[in-house]
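Here are my notes on this entry, as numbered points. Please keep the viewer open while reading them.

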Amino acid sequence: MTGSGASTALLTDHYELTMVAAALAAGTADRRCVFETFARRLPDGRRYGIVGGTARVIEAIADFTFGDDELRELADHEVVDAATLDWLANYRFRGDVDGYPEGELYFPGSPLFTVRGTFAEAVLLETLVLSILNHDSAIVSAGARMVSAANGRPIIEMGGRRTHERAAVSSARAAYLAGFATTSNLEAGRTYTIPTAGTCAHAFTLLHDSERDAFAAQVEALGSDTTLLVDTYDITQGIETAIEVAGTGLGAIRIDSGDVGVLARQARAQLDALGARNTRIVVSGDLDENAIAALRAEPVDAYGVGTSLVTGSGSPTAGMVYKLVEVDGRPVAKRSSHKESRAGWKAALRRCKPTGTALEEVVYAVADGTPERGEHDRELVEPMLRGGQPVGDPPTLDESRQRVRDGLVSLPWEGLKLSHGEPAIPTVYQ
C-alpha cells in the first residue's frame, strides 16, 4: 500500500500510544480485535448522511509509520517507554479494513469503516480515521443538501477563506464529491484534479478610479465571457456599466450582498431590457441549503457557497465514533448511558423497492451470515484492505461523485426534505 510519503503517525492522540504501551506490557497487545466506525445518530435535523474521506483515510493509513523524526519526538517527550518505541519503529498496519465506499449514503448505526487486526495496530488508527471521516462526511453531507436544493443549477465552492488552510483543500474535495461544479481553491484543483473558477473581488473594483475602469480592465484581460461583480456601489448602475463595457455577450454578473432574490429579479429584468438575455446571474454571500432552496424560483443561474459549506452548514462533524466491538472472536460492547454500542463484527445491506427506492438499512452480525436478500437489495460493505494492502483499484473521485447522485435518487421523496425529521429510512438490527 502506498500513500503520499509524509508520515501521518503523529496525527493521533497521546492516549492511543499510552494504551499500546500498557497493552504491550500486559501481554494483551496481540489480541485480535474488531473496531467499528459508526454514527449513533445523524446531526440534528438531517435525514441522511453521506460517507466522505474514505480514499483519504486509506492513503493516510499507508503513511502511518514512525520514522526517525517521529520516534525522536516521542522519546524526547517521554511519551512511551523504550520497549514501545522499538515496537513502533516496526509498525505498519497489516490488518484488514471493510467499509462503505465513498459517496454511499449512511444512517444511524451503519458500520461505515471496520478495522480488524491486533489491538495495538488497530487502536492506533482511531484518531486518524475519525478526524478524516468526521470532517469529510460532514462537508459532503451538507454539500449534497445544497446540491439538491439547487435543483440542477451549478454551485461553486469558495470557502477557503473561512476555514483552516488544509481543511479548505479537503473541503473543496468533499464539495466536488457532493456535486458542486467547481472550486475556487487552486491547491484542491492541483491535488484532486477538480475544475477551478474565480474572477474578481470588490477590492479589484475599488483599486480603480471608477467601476467602468475596473470592468474594462477585467474584460480586457479575461474576455467578455467573464463574470463581473456589480454590487460594489449601486447594482443598477453597475449592471448598466457592465453591459456598456462588455456588450450584450457578457458571460455573467455576480451579486454578493443584499436580498439576492429580489436583486436577481431586478437584475434579470434589467439585463433582458439591455439585450443581454444570455448573461447569467451568479449569487453568493452566506448562502446555505435553505437560502438556496428559497431562491429556487428566482432567475438565478449559479450559486457561490463558502462559510456554510466548510462548516458543515451548522454540523461541522458527523459525530462518528470508533469502538471496539470484538476481542478474539468474542463480542464486546460499551454500556454507558447514552453511549451504547452494539457488540460484534457487523455488516449491512440496504433493502430496496423494485424501483430502486431505499426501504431500510439492515445491520447484521457477520457471524450469523447474510440475511436473506431480496432481488433489489444490495450489500453495502466492501473490502478495502487485506493484510494492509488495497483490494483492487479504489474508485475515482468521479465514480464516487456518481455514487452520491445515485444515492440521492434512491431516497424516498420525504428523505430529501430540508426540514427536521426522522432518518429517511430506518435502521433495523438483525
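1. Start at Val332. Outside its neighbours within four places in sequence, Val332 is in contact with Leu324, Val325, Glu326, Val327, Ala343 and Gly344. The residue lies in the loop between β13 (330-331) and β14 (346-352). Is Val332 buried or exposed? Its relative accessible area is 15%, under the 20% limit, so Val332 is buried. Keep in mind throughout that this is a predicted model.

2. Val332 also gives a long distance. Its C-alpha atom and that of Ala267 are separated by 62 Å. Along the chain, these two residues are 65 apart. For scale, the C-alpha atoms of the chain fill a box of roughly 80 × 55 × 40 Å along the principal axes.

3. Overall make-up. The chain has 430 residues, and buried ones make up 51% of them. It contains 15 helices and 19 strands. Take the contacts between residues at least 6 apart in sequence: 74% of them join residues at least 24 apart.

4. Aromatic pairs. A pair of aromatic rings is described by the distance of the centres and the angle of the planes. With centres within 6.5 Å as the criterion, the count comes to six aromatic pairs. One of them is Phe35 with Tyr322: the centres are 5.0 Å apart and the planes are at 20°. That angle is under 30 degrees, so the pair counts as stacked. The pair links distant parts of the chain, with the two positions 287 residues apart in numbering. Phe35 belongs to strand β1 (residues 32-39), and Tyr322 to strand β12 (residues 320-327). Both partners are buried: Phe35 has a relative accessible area of 5%, and Tyr322 has 3%.

5. A second geometry. Phe64 and Phe66 form an edge-to-face pair. Their centres are 5.7 Å apart, with 90° between the planes. Phe64 is buried, and Phe66 is buried too. These two residues belong to one aromatic cluster with Trp87 and Tyr91.

6. Charges over rings. Which ring does the charged end of Arg401 sit over? It is the ring of Tyr176, at 3.9 Å from the centre. Arg173 lies over the face of Tyr192, and there the distance to the ring centre is 5.4 Å.

7. The annotated span. An unreviewed UniProt entry carries the annotation "domain: Nicotinate phosphoribosyltransferase N-terminal" for residues 10-134. In the model, this span is 42% helix and 18% strand. Its end C-alpha atoms lie 18 Å apart.

8. Helix α1. This helix covers residues 14-26, 13 residues in total. From first C-alpha to last, α1 reaches 19 Å, close to the 18 Å expected at 1.5 Å a residue. Its buried residues are Glu16, Leu17, Val20, Ala21 and Ala23. They cover an arc of only 165° around the axis, so they sit on the same side of α1. An α-helix has 3.6 residues a turn, so residues three or four places apart point the same way. The face turned away from the buried side of α1 carries the exposed residues Ala25 and Ala26. What covers the buried residues of α1 includes α3 (68-76), α4 (82-89), α5 (119-123) and α6 (126-150).

9. Thr205. This residue is found in helix α9 (residues 202-207). With a relative accessible area of 3%, Thr205 is buried. Beyond neighbours within four places in sequence, Thr205 is in contact with Ser210, Glu211, Ala214, Leu229, Thr232 and Tyr233.

10. Positive phi. Glu78 has phi near 50°, a positive value in a residue other than glycine. Its place is the loop between α3 and α4. Ser313 also has phi near 50°, and this residue is likewise not glycine. Ser313 sits in the loop between α14 (307-310) and β12. How do the two stand in accessibility? Glu78 has a relative accessible area of 68%, over the 50% limit, so Glu78 is exposed. Ser313 has 19%, which is under 20%, so Ser313 counts as buried.

Terms used: Residues are numbered from 1 along each chain as its sequence is written. This is a predicted model: local features need pLDDT of at least 70, side-chain atom pairs count only at pLDDT 80 or more; totals for chains, interfaces and linings use all residues. Side-chain values use heavy atoms; hydrogens and water are left out. Rings of Phe, Tyr and Trp (its six-membered ring) pair if their centres lie within 6.5 Å; planes under 30 degrees apart count as stacked, over 60 as edge-to-face and the rest as tilted. Helices (H or I, at least four residues) and strands (E, at least two) are DSSP runs, numbered from the N terminus. Buried means under 20% relative accessible area, exposed over 50%, partly exposed in between (1.4 Å probe, protein chains only). A charge sits over a ring if NZ of Lys or CZ of Arg is within 6 Å of the ring centre and within 35 degrees of the ring normal. UniProt positions are given in the numbering used here, feature names are shortened, and annotations may be inferred rather than shown by experiment. The expected span of a helix is 1.5 Å times one less than its number of residues. The arc is that of the directions from the helix axis to the C-beta atoms. Contact means heavy atoms within 4.5 Å.
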